[in-house]
Amino acid sequence: MSAVGSKGKGQGAKGKRSSKDAPQQNRVRTVKEIAAIAKVSVATVSRALQRPEIVSEATRQHIHEVVKRLGYTPNALARNLRTARTRLIVALLPDIANPFFSEVIRGIEQVAHESGYSVLLGETQSSLVREQAYADMVAARQADGIITMSHRVPAIPINGRLPVVNACEYVKDPQISSVYVDNVAAAGAAVDYLVTLGHRDIAFIAGPSSSPICVDREQGYRLALQRAKIPANSALATVGDFSIEAGERAIELLLSQGQSFSAVFCSNDEMAIGAMRALSSHGLRVPEDVSVVGFDDIRFARYTSPSLTTIAQPKNALGREAMTMLIELLNDPEVPPRKRVLSADLVVRGSTAPRVSRRG
């Protein structure tokens, strides 16, 4: 018998001996079957393949030995999981240039990283079309859920509970979980403080009226005036779009109209910074002539000259809580929706001072 013939027989014999141990790729098609063979739960198999760092080493090795023996790879199995996730969430923000959102996003990223998720940032520029484009990613299973930082919730054509959490703003829909601060109380605290310094002619630069939080901040301003028995002067209230330029324009408008005021409360820090710049350009000193208070406590607030008195929002905590709430919802769609209200604090810096009586 030739060597070739002997080799052929050897291979044939070897093939017969190992037939029952050959990879059973056509027989094992679901994670449930893998779990049954490994004698563990389906959830444990899923974790071992997608988030191995949270599974004990012994369990992880056992599952991967079964997977290897059956001729599968973790990636192939993961694709067969009916409940497989992308581990990607979308964070929608209206204006990526607004420094307020940077700390919120950092909080979202921290919890996402700790939980094995990635974050895709989507700047919407308040466009419904852009918001919907990102929402469609969830419907197409290209992302697991959305954290929206505006007052709108995009439509997602899926059955069941929407995988959406609202942060910073809030929505009236009781089925949407939100995390935000009490803007009425926080704005009221800012104006109360100005009143304690002796200010009575307090101008107000509001944000867009389409935003519920801006409406609340205006309400807080008016309620504080009522508490102090100061008549509201509509001529001292103007509206901006949260930009530095809007703060400048608001002061220019008030001064051009001949309005007299000793303090200004702004609905955000950027407009407060713009207000300070405009006041200075007109020869008015902050805080000697006019006190200025902002809202948010963005990083730049402490570096203005003088440094800005403001309402400090817990920006990082807002982001962390929003991501935590979304993960809870993704893990259990039946978890009750929540409206979580965090505290905001007045931070007194150099832009405010007691009112100085002017002599005629």
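# Exercises on a predicted protein model

Alanine 275 has its place in helix H11, which spans residues 269–281. The model is a predicted one, and the exercises below work through several parts of it.

## Exercise 1: Alanine 275

Decide whether alanine 275 is buried or exposed, and list what it touches beyond its sequence neighbours.

*Solution.* Start with the accessibility: a residue counts as buried under 20% relative accessible area, and alanine 275 has 0%, so it is buried. Next, look at the contacts, leaving out residues up to four places away in sequence: alanine 275 touches Ile205, Gly247, Glu248, Ile251 and Cys266. Finally, compare positions along the chain with positions in space: alanine 275 and isoleucine 244 are 31 residues apart along the chain, while their C-alpha atoms are separated by 7.7 Å.

## Exercise 2: The two sides of helix H6

Find which residues of helix H6 (residues 100–114) are buried, and work out how they are arranged around the axis.

*Solution.* The first step is to list the buried residues of H6, which are Phe100, Phe101, Val104, Ile105, Gly107, Ile108, Val111 and Ala112. These residues cover an arc of only 155 degrees around the axis, and therefore they lie on the same side of H6. The spacing in such a list can be understood from helix geometry: an α-helix has 3.6 residues a turn, so residues three or four places apart point the same way. The next step is to turn to the other side of H6, where His113 and Glu114 are exposed. The third step is to ask what covers the buried residues, and the cover includes strand E1 (88–93), strand E2 (118–123), strand E3 (145–148), strand E9 (291–296) and helix H12 (315–331). To finish, look just after H6, where glycine 116 takes a positive phi of about 80 degrees.

## Exercise 3: Classifying aromatic pairs

The structure holds 4 aromatic pairs; classify the pair of tyrosine 170 and tyrosine 180, and then the pair of phenylalanine 204 and phenylalanine 265.

*Solution.* Begin with tyrosine 170 and tyrosine 180, whose rings are 4.8 Å centre to centre with 35 degrees between the planes. Planes under 30 degrees apart count as stacked and those over 60 as edge-to-face, so this pair, at 35 degrees, is tilted. Now locate the partners: tyrosine 170 lies in the loop between strand E4 (164–167) and strand E5 (177–181), and tyrosine 180 lies in strand E5, so the pair ties together parts that are 10 residues apart in sequence. Tyrosine 170 is buried, at a relative accessible area of 19%, and tyrosine 180 is buried as well, at 14%.

Continue with phenylalanine 204 and phenylalanine 265, whose ring centres are 5.6 Å apart and whose planes meet at 20 degrees, so the pair is stacked. Because phenylalanine 204 belongs to strand E6 (residues 202–206) and phenylalanine 265 to strand E8 (residues 263–266), this pair ties together parts that are 61 residues apart in sequence. Phenylalanine 204 has 1% relative accessibility and counts as buried, and phenylalanine 265, at 0%, is also buried. As a last step, note that ring pairs link Phe204, Tyr221 and Phe265 into a cluster.

## Exercise 4: Charges over rings

Identify which ring lies under arginine 87 and which lies under the charged end of arginine 217.

*Solution.* Arginine 87 lies over the face of tyrosine 117, at 4.2 Å from the ring centre. The charged end of arginine 217, in turn, sits over the ring of phenylalanine 295, at 3.8 Å from its centre.

## Exercise 5: Two buried polar residues

Describe the surroundings of serine 211 and of threonine 352, and name the side chain with which each makes a polar contact.

*Solution.* Serine 211 is found in the loop between E6 and helix H9 (212–227), and its relative accessible area of 5% makes it buried. Not counting residues up to four places away in sequence, serine 211 touches His151 and Glu169, and a polar contact of 2.5 Å joins its side chain to that of glutamate 169.

Threonine 352 is placed in the segment after strand E12 (345–347) and, at 9% relative accessibility, counts as buried. Leaving aside neighbours within four places in sequence, its contacts include Tyr193, Leu194, Pro287 and Thr309, and the side chain of threonine 352 makes a polar contact of 2.8 Å with the side chain of threonine 309.

Definitions and conventions:
Residues numbered from 1 in each chain as written. Predicted model: local features only at pLDDT ≥ 70, side-chain atom pairs only at ≥ 80, totals over all residues. Heavy atoms only, no water. Phe/Tyr/Trp six-rings, centres within 6.5 Å; stacked < 30°, edge-to-face > 60°. Helix = DSSP H or I, 4+ residues; strand = E, 2+ residues; numbered from the N terminus. Buried < 20%, exposed > 50% of the residue type's maximum accessible area, 1.4 Å probe, protein only. Lys NZ or Arg CZ within 6 Å of the ring centre and 35° of its normal. Polar contact = N/O pair within 3.5 Å; in protein donor to acceptor, adjacent residues only side chain to side chain. Contact = heavy atoms within 4.5 Å. Arc of directions from axis to C-beta.
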